[in-house]
Structure formats: structure tokens, C-alpha cells
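Ready for a few exercises in reading a structure? Keep the viewer open, try each task yourself, and then walk through the solution.

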Amino acid sequence: MTTGATLTAVGRPLTRVDGPAKVTGSGRYSAEYTLPGTVYAALVGARTACGRITDIDTRAAENADGVLAVLTHRNLPKIAGPPHLLPSLAGHAAPGESFFPMQDEAVHYFGQPVAMVIADSYERAQFAARQVHAHYERSASTTTLDEGRDQAYEPEAIFAGFLPARSVRGDVAAGFQAATQRLEATYHFAANHHNPIEPSATTAVWDGDRLTLYDATQGIVASQNTVAALLGVPPSKVRVHAPFVGGGFGCKAMIWPHVTLAAMAARHVRRPVKLALTREQMFTSCGHREEQEQHLEIGATDDGRLTALRHHKLSLTSPFDDWAEPSLSIASQAYACPNYEGVYRLVRSNTMTPTFTRGPGETTGMYALECLMDELAYRIGVDPVQLRLRNHAEADPNTGHPWSSDGAHECYRRGAARFDWQSRNPEPRSRRDGNWLIGTGMATAGYPVFFPMQPQRARARLYADGSAVVQCGTQEFGTGSATAMTQVAADGLGVSLENVRFEYGDTDLPNVAATVGSAVAGMISAAVHTAATTLRDQLIEQAIADPDSPLHQADPAAVVVHAGRMELRDRPGSGESYRDLMQRHFMTDMDALGSWSPPPPNVPYGLATFGAQFAEVAVDPDLGIVRVRRMVGAFAPGRILNARTAHSQAMGGMLWGIGQALLEGTVVDPRDGRWANASLGEYLVPVNADAPDVAIEFVEVTDTVVNPLGVKGLGEVGMVGAAAAIANAVFHATGYRARELPIRIEHLL
């Protein structure tokens, strides 16, 4: 940390600075920007999973009241270059799939856009879209794992090319030969969809050759660069606004075709165009968590020490991308197992490319591993917490490097104490409450620390009246980042919170990467902290160089700043305020640009956030109903920036775990590739009535590697392990091992 920094605002449970704008409705979301002359676009999706368009009748739509244009593959301009040629990196161009619709007559998945109607009202656009009739020559399709299992292949890389499809350490065969205990199981996971409260929407307006987008995105710079590349215009000609985003969960991390289609529609009709996806279109337009199957084998000694782990995953991808969420990553690092083999295999299917979805990979991979670890604990008669402690990796088992920080042992200890784990009777079906069977379970949580590849930047400006503005080209999608960054800026500058305003949501501001991978807290706080402390140090240097300053010729290392006043650390009351210094030099303001470069990929440390999850469930043995009664989560995410928003993030993740375990699953109709439950009436998510008592413990560990403030990220680790803890509790209550998610009533009857 740089000279003179004191942390008095960071860590406090500050209420959200954007709260008043949200509760009063003055904060506008992308679909709420209605510019003069705005017209509306509606997409028409394909009604088959695979084939080609033989005819598309747009006459009725073109003659409908208020319709300005109907665009199809016959009259939509060609994109400047195929999306697969774009670098799919957070913060740079990030197309959701290497396919762009309405370029030819081919249909690859149900719901693929085949036409776009532009009309003078939303209702007229939607009505006219229903008047477009496409005719298809249908081809055989693959829409489920079972249909394509015999066509599975092992790709070179997965996850947009970032990860190898095969990873091996040690000698797995020898590890199994040395084992005295061996278990294996296969787990099946239904597809999941994101369903943020705000459906994706884009408002596009051209001013000559300059394009402005109001986009619901987790990466305004990614939107800017992707649309610019697809349209063949310089990024400097594209400006993106996203001051408020109503949730994302991964579906707004990549840039999907509708964003560029909105820009193309606006250019075609020469008016601002608003394109808002319907709830049903959210299931076919923004990616999803893929249907997948994971097969695990573990070998262990009689006291439970792992000797071998084999973890294979089979999942559906699109016809054009080798995508799989990295389910094997944290599962390969959580325990000190010397012999490991992880393999991804894919099935090309008639679906759009899957994408990041709420703890992408970690939630599914750790579910499988933690359920099998629970089986091992029961087989050898070892307490599940003790089994995890016995196997915890004290260094990254993939590299041998020490963790940049750990905290796992304390998470197990504090979580178990808060949950009163020691009082449980481990015997299944041993506890009842009336007719309800009561069970408790636990699991390990873990999430990698993600670094963007490019420097992160922010700007800090201090005015002579003592107020400050800090700017960063990020976006706020409900996590509380605007509040936390206000706290970081206040401490970095040494001014009070009420004197700081944090500005964001505009690509004209200094750029940072997209808010993905639970990286926002670490990377943006690093940029904001660097900008604020750089400006503060410049002001200190100016005071030290000023013969009229009480700090003239002082040691910079001895100067601290508090409440806008520079003082010598060992002489409270000495020095002067920023205001005095700036007014004496006739300065109205002063600013600094801060740039923080992430650690290199080969940093000699293991990088992960650890935690522990505990759950109690009640199961009705006659009806098969599962109720989660209470949950405890203990996490070690490094420094906490805001205790209130951090608690909210962890709790939200744990409640996501209820959805993963018991409710969420999208079902495909193999006859036409349609998602059969594409609505919030049929795709089940947890509601208030499902929410149990949730207790959260934070173990603050010091980390000097990840960034200047030691922030590791918290947004998604709260979900990892939650579903496994629930499933293990269901076993404790009933004796049933859940190998399919979600756990349904019929599984328990």
C-alpha cells in the first residue's frame, strides 16, 4: 500500500450510494432510455432446431400499422468479420458465440433470430413480429446428451480457448492401485438459465458515423469493441452507457447478437431503436449453463487421505464453439491429491453456445466432488469436516506454489461452530421433527482468483472545495460496487465519504475489464485505489515543495491524510488541508490517472478463495418435499470492502445454491429443440418462502499478491458448495444420494 493510506471507510457497512436512485425510480436502465424519435425492434426466432429457411413471408408484417422495416437474411447487411476472429477476452471484444444470425438461410438452434421487425411502438413491433412466417426444410438435430453421446469428442481447449481439455498430474493408475478405498459415481446436471430481473435490452442511436448504445451489459468496453468489430467501425466511434444493470449472473458478460442487431436496425431506419428481449427470448438469446454429466472416481487410504482422483465431464456445446464451463478447475485444487486426471468431452448439439452462469463450473464440479467426499466420510467413519481438514491442500496441488492466502481451516472451524456441527448424530434418518426427517450436511467452497490480462485504469479529481470525483468505466449490476469504490476512493484520498462521488457506466471513462469471474472488487478497487493514492501523493509532494506550507521539506513517508488534511504522523494537528494548499496556488482542481497491472499469469502463487458451507434440511418422507431450514457459510475472501454488501453477496450466492439443488432445470423438447419451460412460471427459482435462516462468517486473510488492498472477490464463492451441502443433508435425512440436479420430489418417493 502506498504512503499515507489509512483505511477508515473500507470495511464499514455503508448503505448503497445508488439506493435512492433505485427506490425512487430516478436511476434509469437501458430499456428506459427513450430518445426523441425512438422506434422499437422485435426479434423473430426460428421454430426449429436445425435446417434451412426455404421461404420467409414478411408481407403481413410489412403492411401492419406503424411498421418501418422488416429485416431478414435477404436484406440485413453482412457483418464486417466473423465473430470467431475476435479476441474473446474480458474487456476486449467478447462475442457470445462465433456465429452471427440472419447472414444466410441456415438454422442452428431453436429461437435463433431469423427476422427483425422495426415499428413505431413496442406493441406494434411485437404484433408485426408474429405476422412473420418462416418455412423450413428441417434436418436431424441433437438436443440432449443421450442423443449425441456416441458422437462425443475431446477438444483441444474449452472455455473460449482459455483452458486445456485434459489435465494430468502424477500417476492416476498408481494412485488407485495404492488406494484401499475406491468410490465412483456419475452426476447429471440439467441445463440452467440466468433469469435476471432485467431482461437484456439495447437502445441504439447514430449521430452521423458515431454510435451510442445504452446496453444492459456486464462489460461496457466489451460491448463497445464487439459491436465496433462486427460493424467494421473504429471503437472510438462507439460509446456505451450502462449506469444501472438489473442483474446479469453471466448472461450479460458476453455480447450477444441482439446488441449489434439493434445498432444495425438503427442505422437502417436512421432513428434511435430500442430492442428489448422478451422473457422467453432470454432463454434462447443469452447463453445458459449446459446440460452436463460428470463421472468421478476417488481413491483413498483407510483414514481418508486421497491417493487418486479421476474427474471426467461430458457436456453439450453448440455446432460452432468448443465451450464447456470449467467444472474441473477448483475441484482439482481443493484437496492435496497427488494423482489427478481431468478430461472434458463435448457433444455438438443444436443449441446456442453456453456461457458463464453463476459460479461457472465451480458450482457443478464441486457439487460432484463434495457429494462423493461425503460418501467417503460415511464409508470410513470419519466426520465430514475432519475429512476435508485432513485433505486440504496447503499449496496449489497443480503447481506446488503456496497459496497467496488461505483461511480454509478457519472457515471450517468457524462455520462448524456457528452451525453447531459437533452436536449432530451422523446416522441417517436419526432425527425427526414430527413427520419431517431432519438432516445436516456440509461441503467445501472454493473459487479461483481471476485476473484480467490488461491494465485497469481509473481517474481521481479533487476540487479546491474539498470534494472529489473518481471515475471508472465499469458498470453496477446490483453487487454494490459503486458503494465499495466510493469507500476505496475516500480512503485513498484521505477525505470523508460524503465528499466523494463515484462515476461509472460510460466507455468515455478510463477503461477496466468486464465484471466477470468475481473479479470486479479486486481489479476495480486496485485501479481506484491507485488513482486516489497517486493524486494524494502528488498533493503531498506539492506541499513538501512549497516554502509556505507547514509541511515544507517534510519526509513524504511521515505524512498522513485524514478528513482532507495532510499532517505529520507523529505530530497530530500539524500540516494543512488540501483546500488551503490548492487555494494558495490558485488551483480549482487537480487530477491523476491511476493504472494497475494485474500479476502475470506465471505468478508463483496459488490463487483461490476458500470457504465452507453447512445446511440443515427437513424432508417430508410421504410427499418428497425438501425444505432448507438454515444455512451457514464461512468464507475467506481477503479484505472486505463493505461489510453490508459483502454479506448480501454471500447470502445471494447461498440462496442460488438452493435453486441449483432443488429447483432450477431447463427441459428441452427434443422434437423441435424448444426449451419447454421458458418462463418464470415454469422455470423454478427460489422465492422468499424458500429462503431459510442464513448466517455468514467472514475470515479476513491478508493477501499481498492479488492487488494493493488484498481483495480476492466474493460474488460467486457463496454459491459453490451450497448445493452439495444441501444434497448431503438430504442424504443424512433420508439415506438417498442425489446424483441428479435438481433433486425432485419423485427422486425421494
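For the residue classes used below, Ala, Val, Leu, Ile, Met, Phe, Trp, Tyr, Cys and Pro count as nonpolar, Asp, Glu, Lys and Arg as charged, and the others, Gly among them, as polar. Please bear in mind that this is a predicted model.

**Exercise 1. The second largest pocket**

Task: Describe the lining of the second largest pocket, from its centre outwards to the elements and classes.

Solution:
- Step 1. Start with the volume, which is about 470 Å³ for the second largest pocket.
- Step 2. Look for the residues nearest the centre: out of 24 lining residues, these are Leu43, Val44, Gly45, Arg47 and Gln281.
- Step 3. Assign the lining to elements. At least two residues each come from strand S1 (39–45), helix H3 (122–129), strand S6 (133–138), helix H8 (282–285) and strand S30 (674–675).
- Step 4. Sort the lining by class, which gives 12 nonpolar, eight polar and four charged residues.

**Exercise 2. Helices H12 and H13**

Task: Decide whether H12 and H13 are roughly parallel or oblique, and list what meets at their contact.

Solution:
- Step 1. Take the axes of helix H12 (residues 481–493) and helix H13 (residues 520–545): they come within 8 Å and cross at roughly 30°.
- Step 2. Angles under 35 degrees count as roughly parallel, so H12 is roughly parallel to H13.
- Step 3. Add the handedness: the crossing of H12 past H13 is right-handed.
- Step 4. Read off the contact. H12 brings Ser481, Met485, Val488, Ala489, Gly492 and Leu493, and these meet H13 residues including Val520, Ile524, Val528, His529 and Arg536.
- Step 5. Classify the residues of the contact between H12 and H13: 10 are nonpolar, five polar and one charged.

**Exercise 3. Helices H15 and H16**

Task: Work out how H15 and H16 are oriented and which residues join them.

Solution:
- Step 1. The axes of helix H15 (residues 643–663) and helix H16 (residues 722–734) cross at roughly 55° and come within 7 Å.
- Step 2. H15 and H16 are therefore oblique to each other.
- Step 3. Their crossing is right-handed.
- Step 4. On the H15 side, Met654, Gly657, Ile658, Gln660, Ala661 and Leu662 take part, meeting Ala722, Ala723 and Ile726 of H16.
- Step 5. The contact of H15 with H16 has seven nonpolar, two polar and no charged residues.

**Exercise 4. Helices H6 and H7**

Task: Repeat the analysis for H6 and H7, asking which residues meet.

Solution:
- Step 1. Helix H6 (residues 220–231) packs with H7 at an angle of about 55°, the axes being 10 Å apart.
- Step 2. That angle makes H6 and H7 oblique to each other, and their crossing is right-handed.
- Step 3. Val227, Leu230 and Leu231 in H6 meet Val259, Thr260, Ala263, Met264 and Arg267 in H7.
- Step 4. By class, the contact of H6 with H7 has six nonpolar residues, one polar and one charged.

**Exercise 5. Backbone details in loops**

Task: Find where Phe249 and Pro742 lie, and describe the backbone there.

Solution:
- Step 1. Phe249 sits in the loop between strand S13 (238–241) and helix H7 (257–269). Its phi is positive, about 60°, although Phe249 is not a glycine.
- Step 2. Pro742 belongs to the loop between strand S32 (740–741) and helix H17 (745–748). The peptide bond joining Leu741 and Pro742 is cis, with omega about 0°.

Key: Residues numbered from 1 in each chain as written. Predicted model: local features only at pLDDT ≥ 70, side-chain atom pairs only at ≥ 80, totals over all residues. Heavy atoms only, no water. 1 Å grid on protein atoms, 1.4 Å probe; cavity = no way out; pocket = protein on both sides within 12 Å on 5 of 7 lines; lining within 4 Å. Points joined across faces, edges and corners; volume = space filled by probe spheres on them. Helix = DSSP H or I, 4+ residues; strand = E, 2+ residues; numbered from the N terminus. Axes fitted to C-alpha atoms, helices over the stretch in contact; angles between N-to-C directions. Parallel < 35°, antiparallel > 145°, perpendicular 65-115°, else oblique. Left-handed = near helix turned anticlockwise from the far one by under 90°. Contact = heavy atoms within 4.5 Å.
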